[in-house]
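Here's a walk through the salt bridges, one helix and a surface patch of a model. Have a look at the structure first.

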Amino acid sequence: MGNFPAKIENFLDIFFNKGGCDRIMLGLQNTIIIAVSGLIIGILIGTLIATVRVIPKYKIMPRILNGICSFYVSLFRGTPIVVQLLIFYYVLLPLMGIRMDGVQVSILVFGLNSGAYISEIMRSGIQSVDPGQMEAGRAVGLSFSTTMMKIVIPQAVKNILPTLGNEFVALIKETSVVSFVGATDLYVAFNLIGTNSYEFMVPYIVMALIYIVLVLIISLGIKIMERSLGKSDRRN
């Protein structure tokens, strides 16, 4: 630790004079893009799957769709995201003749993975809404899908907002594995700086601080949204 000031000076030299800043900004940009895009895709897929899984199973088609959705959720929740990245990047996409770079594959896989988790979160949120809301919508002539999209799901989102925030935080942290498919994220950027300087202490400490700041910003944003929704509920 006696050389810690020298290590900081070395890190700052690489950061300002040897392209370290550009690498870190690219890594931060890719980390945010992958996490945000993955969350958006996950919300869309998760909402669709959750809707399918709460549909009454009186007919054969809802049963088939429910079986497909259950398999999808089990598949993506039952395998590590690193394995999913490797399979998509090195096996599935090449077999289908689809060319995607590391960031694009990461967005796709993170979205599919997040969709499996968010589907269970959304399903619990939908089931937490008073069943009378669905009955009221159907009573005034709305279809099941319209009632679900305009009445039930908006109320469910309010109930699960903190959990969605936790999922976003998890996505931010899990982006540290995208280096397996050649994508540049924060970990890759700081690891390159450490490799060039033969000193990893300061780069890794700064990397950890950046992740902490990102998580704090997300947590603050979720709290602000919760307060805003709480005020609208009180007005109503």
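K7 and E199 pair up through their side chains in a salt bridge, with N to O at 3.9 Å. The two sit in distant parts of the chain, 192 residues apart: K7 is in helix 1 (residues 4-17), while E199 is in the loop between helix 8 (186-197) and helix 9 (201-235). E199 is buried, at a relative accessible area of 18%.

A quick word on the source: this is a predicted model, where local features need pLDDT of at least 70, side-chain atom pairs count only at pLDDT 80 or more, and totals for chains, interfaces and linings use all residues. Residues are numbered from 1 along each chain as its sequence is written, and side-chain values use heavy atoms, with hydrogens and water left out.

A salt bridge here is a side-chain nitrogen of Lys or Arg within 4 Å of a carboxyl oxygen of Asp or Glu, and the count by that rule is four. Among them are these:

| Salt bridge | Closest N to O distance |
|---|---|
| K7 and E199 | 3.9 Å |
| R53 and E120 | 2.7 Å |
| R123 and E120 | 2.9 Å |

R53 and E120 form a salt bridge. R53 belongs to helix 2 (residues 20-54) and E120 to helix 5, so this pair ties together parts 67 residues apart in sequence. R123 and E120 are both in helix 5, three residues apart, or about one turn of the helix. An α-helix has 3.6 residues a turn, so residues three or four places apart point the same way. R123 is partly exposed, with a relative accessible area of 22%. Through shared partners, salt bridges join R53, E120 and R123 into one network.

Helices are DSSP runs of H or I, at least four residues long, numbered from the N terminus. Helix 5 covers residues 102-128, and its end C-alpha atoms are 38 Å apart, in agreement with the 39 Å expected for 27 residues; the expected span is 1.5 Å times one less than the number of residues. There's also a kink of about 25 degrees centred on A116, the bend being the angle between axes fitted to the seven residues ending there and the seven starting there. Of the 27 residues in helix 5, 19 are buried (buried is under 20% relative accessible area, exposed over 50%, partly exposed in between, with a 1.4 Å probe and protein chains only).

As for cysteines, C69 is buried at 12% relative accessibility, whereas C21 is partly exposed at 28%.
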